[in-house]
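The following explanation considers how secondary-structure elements are arranged relative to one another. The reader is invited to follow it alongside the coordinates.

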Amino acid sequence: MKKFTFFLFLLSLGGVAVYLYYPELESRFCAKKGKITAPAESPLPVPIPLPKGDAVPAPAEKPAPEIAASPLPFPESPATKEKAKEENKPSLIIWHGSDWLPDTDKIVQTWIQLSKEELPVIIGQFDERLGYLPGEHPRQRQVSYGGCYELPIAVLSAPDGTFLASWRGKRVYSVSGMKKGVERALKSMPDFMSLVERARSTKGTEAAIAAGEALSMLSLHDAMRHRELRNILNKQDPDHVTGYRYLYGMDHMGMYEEINAVLNGGKGSEATLKGADRRFDEAEQFIRNILKQHKDMHRELRQQWLSGLAYVYRERYWTTKDEAWRTKLLQTYRRVVKIDPETEYGKGAEKLCRYWDPEYIYVIRDGYYDNSHNVLRMEKEWCVDVTRSVKSPGRYEFSIIPSQGGRLDARDFRLFINGRMAGRPLDAEEDTITRNVTFQVDGPIRGRVEVRLRVTTHDHWFGCSGKLEMKALED
Amino acid sequence: MITSLRALFCGMLALGVLTPSPVSAQTGKKEESFGLKHLKSWHIAMPSKARAALEKGDYAAVQKALITNIKGRKNLPLENQQVMGICMVLEMLRCTSPEVLSAYAAESKSKATFLREFLADGEWLELYLGCGLVPYHSRVGIDVLYRIWKEDKGKVKNKKLAVALASVWGGGEIWKTPPVQKLNPNRYNPVRRYRFFCEQEKNGLLHKNYPNLRPWELRFVVGNPGQDWDDASYEYAARTIQMPWDKYDWACWSATYTGVSKFGDDVQGGYYNLPFSESSWAEATLRGGGVCGAMSHLGAVAAMSHGIPAYTCGQPGHCAYAVRPERGKWIGGFGGPDGGMHNYIFGNKAPTSYRLMETVFGDDEGISRAYLKSYCARAWEAAGAKEKAVDAWREALAISPLHPFFRAELHRLLKEQGMSAQECYDYLTHTLPLYQGHGVAAMEMTQDLEELIKAFSEEQRMEIFAMQHQALSTTPSSWVVKPADLLQKQSDMMLDFKSREKFLARVFGIHMNAEDSTTFGQLLEWAVKTYISTGSAGARIFNNAFAAAAASGDASAPMSEERARKMTSIYGKAIFAAEEARSAAAFKALTAGAARLGTNPPEYPALKNADSMPGKPLHAVLFRQSTTSSWDTPIWHSSIPTLRGGKCHTAKEARPSFIVELEHPTFLTGCIIRKTGNGSRMPRAAVYTSSDGATWFKQVESSNVPQEWTVRFPEGTSGKWVKLEFDNANSPNFAHISHFVVYGE
């Protein structure tokens with residue numbers, strides 16, 4: 001009894017301590033018992049974690065608080081450009097987001113450090129939070145720094161405001177990288193600006209050549225965003241005399257427009273040629289001439305035009321079904337990959353190589369097929385790993401269950417165990433087009449079990465997604 | 001003694017005999033029930049019979065025992081937690097069904113334990129049932145919760161997020177099988193998405209309003225996976241697309257707008273995405289570009305991955321999206337927020353769905369009490385006490401009068417009880433005034449009672465229709481809302497031409513003076529189609545009704561100066577409304593009607609380059625402008641796209657614009673624009689063309705627009721719409737032109 005009393009005493013002692021520390025527990029407990037006891041006063045609000053860098057939390061209903069100053073000490077973009085003009089120096093402007101970009105601190109450190117380097121430029125900033133005029137939208141602003149929206153971005157301009165170069169990604173966070181890049185751009189600035197001046201002051205082919213040569217001095221990314229020079233080029237060389245328009249006057253959409261114009265009988269041609277009547281040889285020659293004329297074109301541009309060539313081969317293959325064109329198509333995509341596998345052209349062409357390679361087999365391991373296994377208008381082999389579904393000998397039903405509409409033809413189902421063919425369906429011939437077949441699996445089952453089949457899809461991407469199921473049938 | 005008992009209780013708590021409420025790992029804040037504030041993390045105590053059945057996993061028996069318990073009660077007070085707990089469990093059983101729950105519990109011991117814990121957790125159950133849509137007769141919702149419960153080892157850290165995921169994955173009574181259920185669970189995995197948001201929150205990468213979002217709001221953050229892309233897209237967008245917090249309505253432009261891929265494939269074809277198909281949708285779009293569909297989804301997923309509610313929506317020939325940085329404030333991206341929402345609670349008809357949703361759920365405390373009342377109503381009905389159920393529904397609606405599901409349930413029961421036409425009339429005259437500002441909801445609400453409305457007298461019908469239109473006229477509307485069906489139905493219920501004319505005059509009168517003239521425009525479009533296009537008798541009805549609405553007698557009678565001015569103003573308003581509604585038919589009919597007023601635009605000198613322009617002036621079916629002002633003369637707008645010239649005047653704007661809509665898409669050679677008055681007001685402008693009226697391509701821009709501006713388009717330019725947009729970004733100003741003549745082949 002004494003022990004029990006002592007236990008109760010201890011319990012009460014602990015309780016008093018907890019009660020004193022957490023008085024709100026009482027009301028919660030009382031509520032549990034059905035007795036509603038309101039807390040004496042509202043508990044103090046717990047601070048809500050804010051998005052990183054957000055220094056100005058405010059409830060929605062309150063008026064917007066005053067915006068804090070930008071964390072960088074540089075003047076805003078218009079003042080920087082003004083000063084650059086006055087002092088006849090190039091300007092280097094960092095476009096950043098002071099209150100929303102997660103790594104703002106890094107930017108601040110890098111750029112304060114960079115401003116201490118001896119660079120003959122006026123450094124300025126465009127703070128995304130503060131830099132907009134009332135009613136102005138980011139889309140409108142993009143034009144002023146080259147038309148892309150991947151902040152942070154550093155933009156170098158000549159004293160008169162002519163766009164010279166830009167840096168994005170990791171470079172913007174590196175003092176030495178930025179310094180090196182700016183120095184290199186400044187070194188070539190006199191030559192570049194003299195070409196720009198020539199492009200501005202002359203007309204016709206001369207102006208177009210000057211603009212084209214100036215654009216060739218820039219990175220492709222910057223060249224394609226240099227509105228002034230591209231405008232000069234397009235205006236002064238309407239008949240493609242210099243060939244530079246094919247490089248800098250158009251993007252990939254413009255290129256395909258040109259290729260299609262040649263394929264379909266030439267620009268201005270009244271009749272649009274179709275099918276086998278299209279001028280494949282001319283289109284091929286047209287692209288080859290451009291590639292030959294500009295042997296030193298940017299690598300990515302070369303990839304672009306080679307992709308254009310592959311497009312002509314593909315159209316020809318569809319029309320003639322002659323395997324020779326598929327071979328050429330594959331070779332061309334492989335060239336694209338070889339030039340640079342890391343660009344979008346390189347990566348895309350690599351996937352297309354797999355698609356167009358008749359020997360390549362799509363392996364599906366997770367039981368679901370989707371657009372990455374698409375076999376549009378072309379029969380290919382699928383290898384579906386069903387090991388997890390086949391535990392013991394018996395009869396199994398293999399099914400293709402589409403998740404959306406769209407036509408998918410499958411035939412020639414085969415069962416493979418450990419890479420060796422182990423049987424055909426009990427209920428379908430090789431050429432029977434079906435989505436359900438039954439296999440007899442004889443034991444013992446050890447190792448990998450696969451169902452192989454040949455598939456063609458007939459719709460766009462919606463037509464190629466669904467489930468592949470292997471289910472044991474009850475006897 | 002009391003103090004000692006308190007101390008004893010607390011001691012028990014300290015020793016873990018009683019379990020305190022869970023605490024959010026991220027915020028350190030107690031997970032807050034959005035029900036009655038004092039009902040934080042509470043245990044539902046079930047009657048012994050129900051408890052025994054629950055132990056056995058026999059949910060039909062649980063339901064039976066709980067109904068018996070309700071039958072033995074005289075009332076169901078909200079303050080009594082035990083009773084509320086029983087009502088909530090009953091509602092859960094009704095939604096999910098005892099069969100589904102029994103089968104689920106039978107699958108494993110762990111699942112049975114989870115279900116018992118879930119049904120005993122008042123806070124969690126309340127969050128689940130109050131999420132907007134509750135998965136109906138489906139195991140999906142509880143399975144999502146179970147998987148998250150397992151992930152969090154039996155102590156779910158973020159119950160609000162968990163129920164939002166369960167809700168979008170599982171659908172609801174009006175959306176029984178969301179498409180996600182057919183998709184690859186490895187790409188659309190609620191647990192992965194749950195982890196993603198917990199991680200984002202932990203790292204402080206979500207919008208500052210995220211921690212305050214309720215489950216119904218979180219539905220628009222976690223996204224509707226059948227539409228809003230895969231888990232990897234969320235992760236990729238969070239890493240890749242960083243925008244200023246208030247500019248996610250522009251996030252779509254992170255990708256390149258391109259209809260042809262880098263490999264020459266059209267965006268509508270199957271090969272477009274093939275080169276990037278092994279990436280997430282977001283990555284494929286950022287790498288390969290896209291058009292409105294992919295870009296809008298990208299914008300939405302970028303916002304959602306940063307904790308900002310968003311949805312994508314379909315428009316005719318276009319796709320758009322909307323983001324919501326603050327409660328109630330939906331901002332359109334790429335032409336949104338209007339359109340058919342791909343993620344919704346109250347149907348997919350924007351703006352009804354999002355505006356109604358914001359109003360219904362806007363008051364946290366109120367909606368939670370209304371939901372508790374609704375569970376009482378369901379419980380009474382299950383117990384056979386339909387009168388009490390009706391009362392409870394009325395009480396729920398007294399708190400949340402616009403909740404469409406509650407309203408539908410009340411209507412069902414009232415009809416079952418044999419509501420008479422007179423009772424229905426009384427009910428509607430009492431209820432419809434509550435729908436001010438929610439006219440579309442009022443339209444939808446009365447649909448349930450259509451048969452009874454048919455039995456009203458003509459005067460009663462007219463009165464109810466007028467009330468509906470009164471609600472509509474106070475509703476901020478949109479071109480997406482088409483009240484034509486309602487108008488047609490109402491008109492069909494009028495017995496003869498005279499009544500129809502009276503009806504039309506009444507409706508015209510209501511909408512004519514509305515602040516938002518879009519619905520007026522829609523009304524005009526319908527009226528023109530229904531009456532003017534059908535012949536002279538119809539045209540007479542239209543004209544008489546229109547004139548009567550203008551309170552000026554017969555429109556064809558000779559007019560005083562005062563009346564002519566008034567009519568000009570009314571026609572002007574009507575024409576501008578037709579422009580806003582993009583109704584070419586109403587624009588044409590009203591312009592023709594206004595011509596009878598006998599006023600003509602000023603005589604202008606001929607355009608200098610009219611003859612030298614290639615092609616010929618094209619016939620425009622509609623001219624519209626971004627805003628109007630007291631200096632505007634909409635009755636002369638139709639002359640602006642002609643060589644004759646007209647007159648128009650916008651309000652002070654940063655970017656005033658004018659749009660000419662042609663009859664057909666065609667090849668365009670250029671246009672001639674003539675400014676009027678102080679041309680120096682409008683030095684900067686650009687001309688755009690479009691094939692869908694939504695996606696615009698800049699053809700030319702100038703920072704020094706001359707008084708008469710002759711624009712030549714690049715060869716091969718085609719389109720159906722041509723837009724002139726002035727750019728006064730530095731200082732908003734007016735825009736006024738007399739000519740905007742489009743040339744083409």
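In this predicted model, helix H9(B) passes helix H11(B) in a right-handed crossing. The residues that make up this contact comprise 8 nonpolar, 1 polar and 2 charged. On the side of H9(B), the participants are B:Lys160, B:Leu161, B:Val163, B:Ala164, B:Leu165, B:Ser167 and B:Val168, and they meet B:Pro215, B:Leu218, B:Arg219 and B:Val222 of H11(B).

The geometry of such a contact can be stated briefly. Two packed helices are described by the angle between their axes and the distance between those axes. Here, H9 spans residues 159-170 of chain B and H11 spans residues 215-222 of chain B; their axes come within 8 Å and cross at roughly 65°. Angles of 65 to 115 degrees count as roughly perpendicular, and H9(B) and H11(B) are therefore roughly perpendicular to each other.

Attention may now turn to the sheet. Chain B contains an open sheet of 4 strands in the order S3-S2-S1-S4, with antiparallel pairing. Strand S3 (329-333) and strand S4 (340-341) of chain B lie at the edges; each has a single partner strand, so one side of each remains without a neighbour in the sheet.

For S3(B), the antiparallel pairing with strand S2 (residues 318-326) of chain B extends over 4 bridges. Among the residues involved, B:Lys329 in S3(B) is the bridge partner of B:Glu326.

A helix also contacts this part of chain B. Helix H15 (residues 352-361) lies across S1 (310-315), S2, S3 and S4 of chain B, and runs at about 160° to S3(B).

Conventions:
Residues are numbered from 1 along each chain as its sequence is written. Chains are lettered from A and ligands numbered from 1 in the order in which they are written. This is a predicted model: local features need pLDDT of at least 70, side-chain atom pairs count only at pLDDT 80 or more; totals for chains, interfaces and linings use all residues. Side-chain values use heavy atoms; hydrogens and water are left out. Two strands pair if DSSP finds at least two bridges between them. Helices (H or I, at least four residues) and strands (E, at least two) are DSSP runs, numbered from the N terminus. Contact means heavy atoms within 4.5 Å. Axes are lines fitted to C-alpha atoms, for helices over the stretch in contact, and angles run from 0 to 180 degrees between N-to-C directions. Angles under 35 degrees count as roughly parallel, over 145 as roughly antiparallel, 65 to 115 as roughly perpendicular and the rest as oblique. A crossing is left-handed if the near helix is turned anticlockwise from the far one by less than a right angle, and right-handed if clockwise. Ala, Val, Leu, Ile, Met, Phe, Trp, Tyr, Cys and Pro count as nonpolar, Asp, Glu, Lys and Arg as charged, and the others, Gly among them, as polar.
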